[in-house]
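Here are my notes on the model, as numbered points. Please read them with the structure open.

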Amino acid sequence: MKLILIGEENSKRTDFFKKAAENFHVPVEVIGWDVLQQEGFSLRNLQQAAVKIDPPSFQTIRLSHMQSLLEIYKKALQKLTQADCHFLNSPEAIWRLLDKKGTKGHLHKMHIPVTQMFEDEIGDSEQLLGQMHSRHCYSVFVKPRYFSGAAGVAAFRAHPFRGDMVLYTSCRIENGDLVNTKKLFKMTNRDEIVTFLNRLLALDCVIERWHPKAGYKGKSYDLRVVFQFGHIAHIVVRQSNGPITNLHLNNQALEVKELGLDSRCIQGIEEVCFQAVSSFSGLHMAGVDILLEKETMRPMVIEMNGQGDLIYQDIYDKNNIYREQVEKLCRI
């Protein structure tokens, strides 16, 4: 069967997927996102092939521009739904998982443990503070509904009586636009925080309770679990001094064995990931972000990513994640 990768011609994802395929002497045809979106491209090129969809590389740091690029990406995924082929992850499943609100709502309905999300639509800082007070929840995460990689994510705390505020984010306002960076900022000025939140909340955001995370050697952590074909393929511990753990923010990655988690805890993580991934049709692999609750160590899903399989600790070692994907796709 023909093996096709839709993605970027020159990227680590593509390079290491090709290397994985070389181990099985299987050629990989790479179709770039720019080629796929050309008017002359025919979906007949994908007919009866085994296809993996990698994400496009968004060459922008401005959140407003990211929104317009996401609309283009959505249309491209909708186009792929018409292809007569076998997907690792279907385009419908990939888009569903990009929607944080829809994903979290679905998992909650399926009684899969998740971090708590505010269900109400919140469009500005006044509404946010009102909801926080009514829920007696004074520490939250504010996240753009469709972005990934911590783009626009803010961790916000407000004291219920004194009115003190603190906000952590890797985003800043530049020339009137929100700009994503690779550095974590801390804000304590109320007016500055309110201005920032108003701009961020205008983008359509989800609000989540800031749950206390388990810690290791004085730092809090969560887990990126690559779960595919019914099992855990890899776990990376994302450790941080601050509330946002994404590794591109110079946070520390650890091997899970360093935490000394017992077999019962690992089994609980695997069960939650299995339930989460299997609850979505067309999904064979996902990067599942797991929070281990402080004190109880109960696993809860923070987010899911249908393209969250690029793990540097794996590709620079045995490349097992991509090797298994190639092996499974070749058997279709």
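1. Start with helix H5, residues 100–109, in this predicted model. Its buried residues are Lys100, Lys101, Thr103, Lys104, His106 and Leu107. The cover over these residues comes from several elements. Among them are two helices, H4 (91–98) and H8 (263–278). Strands E5 (139–144), E9 (205–209) and E15 (299–305) also take part.

2. Look next at the two ends of H5. At the start, a side-chain oxygen of aspartate 99 comes to within 3.1 Å of the backbone nitrogen of lysine 101. Just after the helix, histidine 111 has a positive phi of about 60°.

3. H5 also borders an internal space. The structure holds 1 cavity of 30 Å³ or more. The largest cavity encloses about 40 Å³. Its lining consists of Leu97, Lys100, Thr103, Lys104, Leu107, Ile302, Glu303 and Met304. H5 and E15 are the elements that give two or more residues to this lining. H5 gives the most, with 4 residues. By class, the lining has 4 nonpolar, 1 polar and 3 charged residues.

4. Which residues line the second largest pocket? They are Phe141, Arg157, Tyr168, Trp210, His211, Pro212, Lys213, Ser220, Asn241, Gly242, Pro243 and Lys294. The volume of this pocket is about 220 Å³. Its lining divides into 5 nonpolar, 4 polar and 3 charged residues.

5. Now the parallel sheet. It is open and has 4 strands, in the order E2-E1-E3-E4. Strands E2 (28–32) and E4 (86–87) stand at the edges. Each has a single partner strand, so one side of each lacks a neighbour in the sheet. Strand E1 (residues 3–7) pairs with strand E3 (residues 50–53) in the parallel sense, over 4 bridges. Leucine 3 sits opposite alanine 50 in E3.

6. Is aspartate 54 buried or exposed? It has 1% relative accessibility, and buried means under 20%, so aspartate 54 counts as buried. This residue lies in the loop between E3 and helix H3 (63–80). Beyond its neighbours within four places in sequence, aspartate 54 contacts Leu5, Ile6, Gly7, Arg13, Trp33, Tyr73 and Gln307.

7. Strand E7, residues 165–174, deserves a look. Of its 10 residues, 7 are buried, so E7 is largely enclosed by the rest of the structure. Strand E6 (residues 154–158) runs antiparallel to E7, joined by 5 bridges. Alanine 154 has threonine 169 in E7 as its bridge partner. The E6–E7 hairpin has 6 residues between the strands, and glycine 163 there takes a positive phi near 85°.

8. E7 also pairs with strand E8, residues 177–187. The two run antiparallel and share 7 bridges. Cysteine 171 stands opposite asparagine 180 in E8. E7 and E8 form a hairpin with 2 residues between them. In that turn, asparagine 175 has a positive phi of about 55°.

9. How many residues of strand E11 (residues 219–228) are buried? The count is 8 of the 10, so E11 is largely enclosed by the rest of the structure. Strand E10 (residues 215–216) joins E11 through 2 bridges, and the two run antiparallel. Tyrosine 216 stands opposite lysine 219 in E11. Their hairpin has 2 residues between the strands, and lysine 217 takes a positive phi near 50°.

10. E11 has further antiparallel pairings. With strand E12 (residues 231–240), E11 shares 9 bridges. Valine 226 has histidine 234 in E12 as its bridge partner. E11 and E12 form a hairpin with 2 residues between them, and phenylalanine 229 in the turn has a positive phi of about 55°. With strand E14 (residues 285–292), E11 shares 6 bridges, again antiparallel. There, glutamine 228 has methionine 285 in E14 as its bridge partner.

Note on methods
Residues are numbered from 1 along each chain as its sequence is written. This is a predicted model: local features need pLDDT of at least 70, side-chain atom pairs count only at pLDDT 80 or more; totals for chains, interfaces and linings use all residues. Side-chain values use heavy atoms; hydrogens and water are left out. On a 1 Å grid over the protein atoms alone, a cavity is a set of points where a 1.4 Å probe fits but cannot get out, and a pocket is an open set with protein on both sides within 12 Å along at least five of seven lines; lining residues have an atom within 4 Å of a point. Grid points are joined across faces, edges and corners, and a volume is the space filled by probe spheres set on the points. Ala, Val, Leu, Ile, Met, Phe, Trp, Tyr, Cys and Pro count as nonpolar, Asp, Glu, Lys and Arg as charged, and the others, Gly among them, as polar. Buried means under 20% relative accessible area, exposed over 50%, partly exposed in between (1.4 Å probe, protein chains only). Contact means heavy atoms within 4.5 Å. A polar contact is a pair of N or O atoms within 3.5 Å; within protein, one must be able to donate a hydrogen and the other to accept it, and residues adjacent in sequence count only if both atoms are side-chain atoms. Two strands pair if DSSP finds at least two bridges between them.
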